[in-house]
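Student: I'd like to go through this model and check the reasoning behind each label. Can we take it step by step?

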Amino acid sequence: MAEKLGGDGLVEELCNGFRLLMDPRHRLITFDSLKRNAALLGLDGLRDDELRAMIREGDADGDGALSQWEFCVLMVRLSPQMMAAPTQWMDQASGFMS
């Protein structure tokens, strides 16, 4: 996927995924927004504790939600195909999201 989209395209897709899942009031992916949108990802069969574990996995600052940066880092970490050049993508992501 990363090779097909290129760095900028990949970052844009990650940002689109974040916007799809986020709570628009808080501009974060919360447990409630993830649960509400889980079916869009084919995750509607997951239990609440599994959804909470997904949030915890990427929650670097411990606020119980995922910021756009935390979401992008988590997606890169969980996608082995993207790991070929993580430094390049994270550098591009930081420039794109600032």
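Student: Where is Thr30 found?

Tutor: Thr30 sits in the loop between helix 1 and helix 2. Keep in mind that this is a predicted model.

Student: Why is Thr30 called buried?

Tutor: Buried means under 20% relative accessible area. Thr30 has 15%, so it counts as buried.

Student: What does Thr30 touch, leaving out residues up to four places away in sequence?

Tutor: Thr30 touches Asp23, Ile55 and Ala65.

Student: What is the overall make-up of the chain?

Tutor: The chain has 5 helices and 0 strands, so from the N terminus on the order reads α-α-α-α-α. Of its 98 residues, 36% count as buried. The chain exposes about 6,100 Å², with carbon and sulfur atoms supplying 53% of that.

Student: How much of the contact set comes from residues 24 or more positions apart?

Tutor: They account for 40% of the contacts in the chain with a separation of 6 or more.

Student: Which residues touch the most other members of the largest nonpolar core?

Tutor: Ile29, Leu34 and Phe71 do, out of 16 residues in that core. The elements that give two or more residues to it are helix 1 (2–21), helix 2 (31–37), helix 3 (48–58) and helix 4 (68–78). Helix 4 gives the most, with 4 residues.

Student: What is Ile29 in contact with, once its neighbours within four places in sequence are left aside?

Tutor: Ile29 is in contact with Phe18, Leu21, Met22, Leu34, Ile55, Ala65, Leu66 and Phe71.

Student: And Leu34, what makes that one buried?

Tutor: Set the value against the cut-off: buried means under 20%, and Leu34 has a relative accessible area of 5%, so the label fits. Leu34 lies in helix 2. Not counting residues up to four places away in sequence, Leu34 touches Leu21, Ile29, Leu51, Met54 and Ile55.

Student: How far apart are Leu34 and Ala65 in sequence and in space?

Tutor: They are 31 residues apart in sequence and 9.7 Å apart in space, C-alpha to C-alpha.

Student: Which residues of helix 3 are buried?

Tutor: Leu51, Ile55 and Gly58 are the buried ones in helix 3.

Student: How do you know that the buried residues of helix 3 line one face?

Tutor: Look down the axis of helix 3: its buried residues fall within an arc of 75°, so they line one face of the helix. Those buried residues pack against helix 2 and helix 4.

Student: What makes Asp48 and Lys35 a salt bridge?

Tutor: The rule asks for a side-chain nitrogen of Lys or Arg within 4 Å of a carboxyl oxygen of Asp or Glu. For Asp48 and Lys35 the closest N and O atoms are 2.9 Å apart, so the pair meets the cut-off of 4 Å. The pair links distant parts of the chain, with Asp48 in helix 3 and Lys35 in helix 2, 13 residues apart. By this rule the count comes to 5 salt bridges.

Student: Why are Asp48 and Lys35 called partly exposed?

Tutor: Partly exposed runs between the 20% and 50% cut-offs. Asp48 is at 29% relative accessibility, so it counts as partly exposed, and Lys35, at 41%, gets that label too.

Student: What joins Arg47, Asp49 and Glu50 into one network?

Tutor: Start with the pairs. Asp49 forms a salt bridge with Arg47, the closest N and O atoms being 3.0 Å apart. Arg47 also meets Glu50 in a salt bridge, at 3.7 Å from N to O. Salt bridges that share partners thus join Arg47, Asp49 and Glu50 into one network. Asp49 counts as partly exposed at 43% relative accessibility, and Glu50 does at 27%.

Student: Which residues form the nonpolar patch on the surface?

Tutor: Leu20, Leu40 and Leu41 form it, with about 280 Å² of accessible area together.

Student: How do you know that Leu20 can belong to a patch?

Tutor: A patch takes residues with over 30% relative accessible area. Leu20, which lies in helix 1, is at 42% relative accessibility and counts as partly exposed, so it clears that 30% cut-off.

How values were computed
Residues numbered from 1 in each chain as written. Predicted model: local features only at pLDDT ≥ 70, side-chain atom pairs only at ≥ 80, totals over all residues. Heavy atoms only, no water. Core = buried A, V, L, I, M, F, W, Y, C linked by side-chain atoms within 4.5 Å. Buried < 20%, exposed > 50% of the residue type's maximum accessible area, 1.4 Å probe, protein only. Contact = heavy atoms within 4.5 Å. Arc of directions from axis to C-beta. Patch = residues over 30% accessible without salt bridge, like charges linked within 9 Å, V, L, I, M, F, W, Y side chains within 5 Å. Areas by Shrake-Rupley, 256 points an atom, 1.4 Å probe, with all protein chains shown as cover.
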